[in-house]
Amino acid sequence: MSSQGPLTAEWFQRASANLVNGVSSGFRYLGDDDTLVIDRGEGAYVWDMDGKRYIDYQCAWGPIILGHADPYVTDAVIAAAREGTTFAMTQRREVEAAEAILDAIKWAERMRFTNTGTEATMHALRLARGWANRDLVVKFEGAYHGAHDYVLFTTASAPPAHLGSRLRPIPYQVSSGIPDGIRSYIRTLPFNDVDALVDYFDDYGHQTAAVIVEPAAGNAFGIMPEPGFLEKLRELCTSNNTVLIFDEVKTGFRFALGGAVETFGVTPDIATYAKALGNGFPVAAVALSAEMVDGWKLGGIAQAGTFGGNGIASAAAKATIEQLRTTDAFAQIEKVGKALMEGLARVLVEFGVEGDVIGHPSMFSVYMGEGRPIEFRDIAAHDARLYTATIEGMIRRGVMPCIDAREPWFLSASHTMEDVALTLEVFSDALVEALARAGSLPSHLDEGD
Ligand SMILES: Cc1ncc(COP(=O)(O)O)c(C=O)c1O
C-alpha cells in the first residue's frame, strides 16, 4: 500500500523527473510508492504535500535537536544572510561560533569548520594519517562515517553473517566504485569487543594511524558502549601512538552539550561534529587536542573548503548552542525520551514480542529479537520484517520513525509527553496489526481463538 496521498504522489513524480529516484541522498529512496515529499516542518512535526501531519522521530536522522524551524536559530540565520555569507576570509560569525563550540565541548584546543560529516571525517582521517605517518585505519562494524571511499566498509548495510572471524574480520565493501587498493588501508573490528581490540593492537597497533569510532553506534541500533570499552580503546591508542577519532556527528550536541565526551568521560585526539550542531543547517567541525593542532598549523597536511565557516553555518551553530545552553532542552529530551523508551518496551512485553529498546533517550532503537545486542553482529537476530510492517503502520497513522531499525529514533526538545502518549497508542495498534498479518498475535488478543 502506498504511503503517498494524491498530492504527495504527484510531487514525487515531479521529483523523479528531475532528481535521480526523486531524492538527493540515496538512503532517502524508499521505493516509488513510499518515498514522501515534505512541505514543511515545525517543532516536532512535519507535513507532507497532502497536508498530512507526522510526529517526526527521524529528525532529519539526527540534526533536529531543538525542533524544526526553531525561531531563534532561524532569526540568527536570516540576520547572517542579510550581511553576506562567504568571503574567502575569516569572518566575525565564524570566530563567535568557534568560541561557542570549544566552550561547549571543553576538551579541544582548536578546531576548523567543514560543511558535512563526510567532509569532517575525511579531513580527520587525513590529518591522523599525516600526523602518525602511517596508513592503516580501524573502524567498527556497523558504523557509518560518511560517503567517502575510506569508510564505506562494513557499515550497517553489510550482511552480519559475512564478516569473517571476530578476531580477524573481513572488511565488507558496501559500494562499487571504490578502488581495490583502498581496502588494504582499512581494518574492521566488532564494537564493544575488548578481546578483539587487544588482539588487533598486539599485532598491528604500531602500524595503525587511527581508530575512528562512533562512541555510541548511531547507525546500528544506537548501541551504547559497554563499560570500559572506550576507556580500553583510549589506553591502547595512547600506548601505540595511534590517533583516536571520535565521530560525534550523531552524538555531538545531542547526548549533552559536550556530546559523548561529556557523557562517557573519555577524550579523543580528534572529534568530528555535524548534525545537531546546526539544528538542520549544514555545518560541521573537526576539533583537535593540543597535540593534533600542529598537523594543520605547520602546513603540509591539506585541509580546505570554500564554504567552511560560512556565515549561515556559523550563525546556526552559535544560535543552536545558545539555545541548548540556556533552555531546558536536554532535560526535556531526557524526560520525554525516557518515557518513550520505557513505554515502547512495555508494549513489546504486552504483545509478547521478544526484544528491547536500546540506546540513549535522545537516540534509541527498537530491537525485535532475542537478547540485548551489544554489537552489529548481534542484530542478525532482529525481526526486520515485523519491525518494518509495524513502522509502515505507524507512518500511515501519522507517526514517523525511520522505517529501518538500524537508524535510531531521534528526539528533539520540541517533543512532548502528549506526543509520547499518541505515539505509544499508534505503536500498539500498528504492532497488533503487523502481528496479526504475520499470524503471530498472542492468543489472548486473537479474536479468532
Ligand atoms: C556518525 C556519522 N558520521 C558521519 C556521517 C556523514 O555525515 P554527512 O551525511 O553530513 O556527510 C554520518 C551521517 O549520517 C554519521 O551518522
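These are my notebook entries on a predicted model, covering its cores, one sheet, a helix, a loop residue and some salt bridges.

**Entry 1. Cores**

I began with the nonpolar cores. The largest of them holds 113 residues, and Phe253, Trp409 and Leu431 have the most contacts inside it. I then looked up which element gives the most to this core, and found helix α10, residues 329-350, with ten residues. Both domains take part: domain 1 (37-68 + 328-445) and domain 2 (71-326) each supply at least three residues. I noted a second core, lying apart from this one, with 28 residues. Phe153, Ile186, Ile245 and Val293 are among its members.

I went back to Leu431 and listed its contacts, leaving aside neighbours within four places in sequence. The list reads Val347, Leu348, Phe351, Val353, Met368, Leu386 and Thr390.

**Entry 2. The seven-stranded sheet**

Next I traced an open sheet of seven strands. I read the order as β4-β10-β9-β8-β7-β5-β6, and the pairing is mixed. Which strands stand at the edges? I found β4 (110-114) and β6 (186-189) there; each has a single partner strand, so one side of each has no neighbour in the sheet. The average turn between neighbouring strands is 20°, direction ignored.

I checked some of the pairings. Strands β8 (residues 243-247) and β9 (residues 270-273) run parallel and are joined by three bridges. Across from Phe246 I found Ala271 of β9. Strand β5 has four bridges to β7, in parallel, and four to β6, also in parallel. Val138 has Val211 of β7 as its bridge partner, while Phe140 stands opposite Leu189 in β6.

I also looked at burial in β5, where five of five residues are buried. Leu136, Val138 and Phe140 point one way, and Val137 and Lys139 point the other way. I note that Lys139 is buried along with the rest.

I then asked what lies across part of this sheet. Helix α8 (residues 290-297) lies across β4, β8, β9 and β10 (284-288). Its angle to β10 is about 115°.

**Entry 3. Helix α6**

I listed the buried residues of α6 as Phe229, Leu230, Leu233, Arg234, Leu236 and Cys237. The elements covering them include β5 (136-140), α5 (194-204), β7 (208-213), β8 and α7. Just after the helix, I found Asn241 with a positive phi of about 55°.

Arg234 needed a second look. I found its side chain in a salt bridge with that of Asp269, at 3.0 Å, N to O. The two are 35 residues apart, with Asp269 in the loop between α7 (259-264) and β9 and Arg234 in helix α6 (residues 229-239). Are these partners buried or exposed? Asp269 has 11% relative accessibility and counts as buried. Arg234, at 17%, also counts as buried, because the cut-off is under 20%.

**Entry 4. Other salt bridges**

I counted 21 salt bridges in the model. One of them joins the side chains of Glu83 and Arg92, at 3.0 Å, N to O. Glu83 is partly exposed, with a relative accessible area of 49%, and the value for Arg92 is likewise 49%, partly exposed. I followed this pair further and found a network of salt bridges linking Glu83, Arg92, Arg93 and Glu96.

Arg325 and Asp103 form another salt bridge, with 3.2 Å between the closest N and O atoms. I noted that this pair links distant parts of the chain, Arg325 being in helix α9 and Asp103 in helix α3 (residues 92-105), 222 residues apart. Arg325 is partly exposed at 40%, and Asp103 is partly exposed at 47%.

**Entry 5. Asn310**

Last, I looked up Asn310, which lies in the loop between α8 and α9 (311-326). At 11% relative accessibility, Asn310 counts as buried. What does Asn310 touch, not counting residues up to four places away in sequence? I found Thr85, Thr86, Gln91 and Asn115. I also noted the C-alpha to C-alpha distance from Asn310 to Ala81, which is 10.0 Å for a separation of 229 residues in sequence.

Conventions. Residues numbered from 1 in each chain as written. Predicted model: local features only at pLDDT ≥ 70, side-chain atom pairs only at ≥ 80, totals over all residues. Heavy atoms only, no water. Core = buried A, V, L, I, M, F, W, Y, C linked by side-chain atoms within 4.5 Å. Buried < 20%, exposed > 50% of the residue type's maximum accessible area, 1.4 Å probe, protein only. Domains from an automatic or database assignment. Contact = heavy atoms within 4.5 Å. Pairing = 2+ DSSP bridges. Axes fitted to C-alpha atoms, helices over the stretch in contact; angles between N-to-C directions. Salt bridge = Lys/Arg side-chain N within 4 Å of Asp/Glu carboxyl O.
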